[in-house]
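Visitor: I am new to this structure and should be grateful for a close look at a single part of it. Would you kindly take me through the largest pocket and the charged side chains that belong to the same account?

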Amino acid sequence: MVTSKIISNNLNLWYGEKQALKNINLEIPEKKITALIGPSGCGKSTFIRCLNRMNDLVTNIRIDGQVLYDEIDIYGKDVDVVELRKRIGMVFQKPNPFPMSIYDNIAYGPRIHGQKNIDKIVERSLMDAALWEEVRERLDQPAMGLSGGQQQRLCIARTLAMKPDVILFDEPCSALDPISTGKIESLMEILKDNYTQVIVTHNMQQAARISDCTAFFLLGELIEVGKTKHIFEMPKIKSTEDYITGRFG
Ligand SMILES: Nc1ncnc2c1ncn2[C@@H]1O[C@H](COP(=O)(O)OP(=O)(O)O)[C@@H](O)[C@H]1O
Ligand SMILES: [Mg+2]
């Protein structure tokens, strides 16, 4: 049986007067990869930022509706947002390592949270992000010296070090070459055993290759969602078909 890890119920979001999300109802299945697709500006990033309250600091924003994470209302009054973002980590389009060593990039979060055995956590996280072999001899060197693809895997390792159970990826490969992209995709495949993953991607082949479910957004609305195979092979809605076949967007 597939359990829903995150459930968005009638989620609406406005930036000032402009409505960016319109009544989004979407369930994110546990330990699967869910791809969010749709043309630029349709609200994909806005939507995933709602899932770990990454948009809390945006001024002039209004949110209405509900996001449940393990049945907890994440916009509820008692939610510890720092804890929430540990559980629901995020990886961005542009790799954003901290300007410090490879080791310290991973150790940063666990140290702040008073964890012990930092060496072990660093090693484990880098291994789980398929980066350990490439960096084990140079842990004390600046993270900025890594290639773009390595930096992105470092950012994934940094997220893993916090022991999340959901990882949100916002176009994680759009700044990477095909080989680095392939490495991130294989990594996501491996991470499926332990993590629930959501990926925003503009790459249709990527969505088709790696995701289990696909949700198509258009102008702030969720147009169609289903098993990736169904969405790509027999979409029910004309605009979904037009988008995935490259007729617009
Ligand atoms: N911080 C913000 N303030 C105002 N408008 C925003 C903000 N972020 C996004 N938007 C607007 O919301 C809409 C959805 O944007 P976004 O979620 O970034 O789309 P996508 O990720 O699908 O490209 C766009 O019209 C965008 O201009
Ligand atoms: Mg975006």
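Guide: What follows begins with the pocket, turns to one arginine of its lining, and ends with salt bridges.

The model is a predicted one. Its largest pocket has a volume of about 560 Å³. Of the 20 residues that line this pocket, Arg 85, Phe 98, Arg 158, Thr 159 and Met 162 are the closest to its centre. By class, the lining consists of eleven nonpolar, six polar and three charged residues. Several elements contribute: α2 (81–87), β6 (88–91), α3 (102–112) and α6 (148–160) each supply at least two lining residues. Strand β6 gives the most, with four residues.

Arg 158 deserves particular attention. This residue lies in helix α6, and it is among the lining residues closest to the centre of the pocket. Arg 158 is buried yet has no salt bridge. The nearest side chain of opposite charge is that of Asp 104, 12 Å away. Because a salt bridge requires a side-chain nitrogen of Lys or Arg within 4 Å of a carboxyl oxygen of Asp or Glu, a partner at 12 Å does not qualify. The side chain of Arg 158 does, however, make a polar contact of 3.2 Å with the side chain of Asn 105.

Asp 104 itself is paired elsewhere. Its side chain meets that of Arg 111 in a salt bridge, with 3.2 Å from N to O. Both partners are partly exposed: Asp 104 has a relative accessibility of 25%, and Arg 111 has one of 44%.

In general, side chains of opposite charge can pair when their charged atoms come close. The whole structure holds 17 salt bridges, and two further examples may be set beside the pair just described. Arg 209 forms a salt bridge with Glu 185, the closest N and O atoms being 2.7 Å apart. This pair links distant parts of the chain, with Arg 209 in helix α8 (residues 204–210) and Glu 185 in helix α7 (residues 178–191), 24 residues apart. Glu 185 is buried, at a relative accessible area of 8%.

The other example joins the side chains of Glu 233 and Lys 229, at 3.1 Å from N to O. These residues are four apart in helix α9 (residues 228–233), so about one helical turn separates them. Glu 233 is exposed, with a relative accessible area of 55%, and Lys 229 is exposed too, at 54%. Finally, salt bridges that share partners join Lys 5, Glu 30, Asp 70, Arg 87 and Asp 165 into one network.

Methods:
Residues numbered from 1 in each chain as written. Chains lettered and ligands numbered in written order. Predicted model: local features only at pLDDT ≥ 70, side-chain atom pairs only at ≥ 80, totals over all residues. Heavy atoms only, no water. 1 Å grid on protein atoms, 1.4 Å probe; cavity = no way out; pocket = protein on both sides within 12 Å on 5 of 7 lines; lining within 4 Å. Points joined across faces, edges and corners; volume = space filled by probe spheres on them. Nonpolar A, V, L, I, M, F, W, Y, C, P; charged D, E, K, R; others polar. Buried < 20%, exposed > 50% of the residue type's maximum accessible area, 1.4 Å probe, protein only. Lys, Arg positive; Asp, Glu negative; His and termini not counted. Polar contact = N/O pair within 3.5 Å; in protein donor to acceptor, adjacent residues only side chain to side chain.
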